Amino acid sequence: VGYVDDLRPIGGSEEACNRCARQISCILGYLGIQDASRKRVAATKNAGVWAGAVVFASQEGVGVLCTQEKWDKVKTHLQTIHERISSYSDIHHKTLERIRGFLIYVTRTYPRMVPFLKG
């Protein structure tokens, strides 16, 4: 699997990563985009944190998780909204927009959260 913009080859085995890197190169070549494979990051099962997500691979497939820091921030935002609604306090529109923007950012990692944001 090639992950987002960075095009890091991530897979359950080195062979899977190499096939992924070749597929990426073929697609870029087809699109007329030059690809310097010598500049590519080595294949790995645990690519680490990138753009706020942790990518990992196993024999079953590739998975993506949110960092603990971002998850704690999500919980804090949701608790804040819950407390304000429960106490009938005012919530500034700009604050709600900021929280919504952050939650949308997190849904890039967890797409199953999207229906809950649409209400």
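## Tyr88 and the loop between α2 and α3

Tyr88 counts as exposed in this predicted model, because its relative accessibility is 76%. The residue belongs to the loop that runs between helix α2 (68–86) and helix α3. Its backbone also deserves a note, since Tyr88 has a positive phi of about 55° although it is not a glycine.

## A nonpolar patch around the end of α1

On the surface, Ile27, Tyr30, Leu31 and Ile33 make up a nonpolar patch, and together these side chains offer about 480 Å² of accessible area. One of these residues, Tyr30, lies in helix α1, which covers residues 14–30. Tyr30 is classed as exposed because its relative accessibility reaches 73%, a value over the 50% that marks the exposed class.

## The salt bridge in helix α3

How many salt bridges does a search of the whole structure find? The search returns one, and it joins Lys94 to Glu97, with the closest N and O atoms 3.7 Å apart. That distance satisfies the criterion, because a side-chain nitrogen of Lys has to lie within 4 Å of a carboxyl oxygen of Glu.

Both partners belong to helix α3 (residues 93–107), where they are three residues apart, so that about one helical turn separates Lys94 from Glu97. Lys94 is partly exposed, at 48% relative accessibility, and Glu97 is likewise partly exposed, with a relative accessible area of 32%.

## Aromatic pairs

Two aromatic pairs are found when the whole structure is searched. Trp71 and Tyr110 form an edge-to-face pair, with 5.7 Å from centre to centre and 65° between the planes. Because Trp71 lies in helix α2 and Tyr110 in the loop between α3 and α4 (114–118), this pair ties together parts that are 39 residues apart in sequence. Trp71 is partly exposed, with a relative accessible area of 33%, and Tyr110 is also partly exposed, with a value of 24%.

Phe102 and Tyr105 form a tilted pair, whose ring centres are 6.3 Å apart and whose planes make an angle of 40°. The angle is assigned to the tilted class because it is neither under 30 degrees, as stacked planes would be, nor over 60, as edge-to-face planes would be. Phe102 and Tyr105 both lie in helix α3, three residues apart, which corresponds to about one turn of the helix.

## Surroundings of Phe102

Is Phe102 buried or exposed? Phe102 is buried, with a relative accessible area of 11%, whereas its ring partner Tyr105 is partly exposed, with a relative accessible area of 28%. The ring of Phe102 also has a charged group over it, namely the charged end of Lys73, which sits 4.6 Å from the ring centre. Phe102 therefore takes part in a tilted aromatic pair with Tyr105 and also lies beneath the charged end of Lys73.

## Cysteines

The structure holds zero disulfides. A disulfide is a covalent bond between the sulfur atoms of two cysteines. Among the cysteines, Cys26 is partly exposed, with a relative accessible area of 37%, whereas Cys66 counts as buried, at 12% relative accessibility. The assignment of Cys66 follows because its value falls under the 20% that bounds the buried class.

Definitions and conventions
Residues are numbered from 1 along each chain as its sequence is written. This is a predicted model: local features need pLDDT of at least 70, side-chain atom pairs count only at pLDDT 80 or more; totals for chains, interfaces and linings use all residues. Side-chain values use heavy atoms; hydrogens and water are left out. Patches are made of residues with over 30% relative accessible area and no salt bridge: like charges are joined within 9 Å, nonpolar side chains (Val, Leu, Ile, Met, Phe, Trp, Tyr) within 5 Å. Accessible areas come from the Shrake-Rupley method with a 1.4 Å probe; for residues, only the protein chains shown count as cover. Helices (H or I, at least four residues) and strands (E, at least two) are DSSP runs, numbered from the N terminus. Buried means under 20% relative accessible area, exposed over 50%, partly exposed in between (1.4 Å probe, protein chains only). A disulfide is a pair of cysteine sulfur atoms within 2.5 Å. Rings of Phe, Tyr and Trp (its six-membered ring) pair if their centres lie within 6.5 Å; planes under 30 degrees apart count as stacked, over 60 as edge-to-face and the rest as tilted. A charge sits over a ring if NZ of Lys or CZ of Arg is within 6 Å of the ring centre and within 35 degrees of the ring normal.
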